[in-house]
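This briefing goes through the secondary structure, the surface and one backbone feature of the model shown below. Please read it with the structure open.

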Amino acid sequence: MESLYILIPIAIALVCVAVGIFIWAVKSEQFEDLERQGMNILLDEDESTSSSKKQSDTSSDQK
């Protein structure tokens, strides 16, 4: 029974911390555009490959 006097405040404190982190994430717009991040994973390699090709093409043209 005495352990409940310690565990309940600890549980309430942890819930408050979790709610605080969630509110911070919402205010810092972490959940605004969820689709773009998924598309970046798919398109990142293609963009970097094409941009490196363009850079190598332009550097070979300058020679």
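**Backbone after the first helix**

In this predicted model, helix α1 is followed by Glu29, a residue whose phi is positive, near 60°. Most residues other than glycine have a negative phi. Glu29 is not a glycine, and yet its phi is positive at about 60°.

**Fold and helix geometry**

- The protein has two helices and zero strands, and the loop between α1 (2–27) and α2 (34–62) is where Glu29 lies.
- The 26 residues of α1 should span 38 Å at 1.5 Å a residue, and because the C-alpha atoms at its ends are 39 Å apart, the expected and the computed values agree.

**Burial and exposure**

- Of the 63 residues of the protein, 2% count as buried, while the area that the protein exposes comes to about 6000 Å², with carbon and sulfur atoms supplying 63% of it.
- Glu29, in the loop between the two helices α1 and α2, counts as exposed because its relative accessibility is 55%, where the cut-off for exposed is over 50%.

**Nonpolar surface patch**

- A nonpolar patch of about 990 Å² on the surface is made by Met1, Leu4, Tyr5, Ile6, Leu7, Ile8, Ile10, Ile12 and Leu14.
- One of the residues of this patch is Ile12, which lies in helix α1.
- An α-helix has 3.6 residues a turn, so residues three or four places apart point the same way.

Conventions: Residues numbered from 1 in each chain as written. Predicted model: local features only at pLDDT ≥ 70, side-chain atom pairs only at ≥ 80, totals over all residues. Heavy atoms only, no water. Helix = DSSP H or I, 4+ residues; strand = E, 2+ residues; numbered from the N terminus. Buried < 20%, exposed > 50% of the residue type's maximum accessible area, 1.4 Å probe, protein only. Areas by Shrake-Rupley, 256 points an atom, 1.4 Å probe, with all protein chains shown as cover. Patch = residues over 30% accessible without salt bridge, like charges linked within 9 Å, V, L, I, M, F, W, Y side chains within 5 Å. Salt bridge = Lys/Arg side-chain N within 4 Å of Asp/Glu carboxyl O. Expected span 1.5 Å × (residues − 1).
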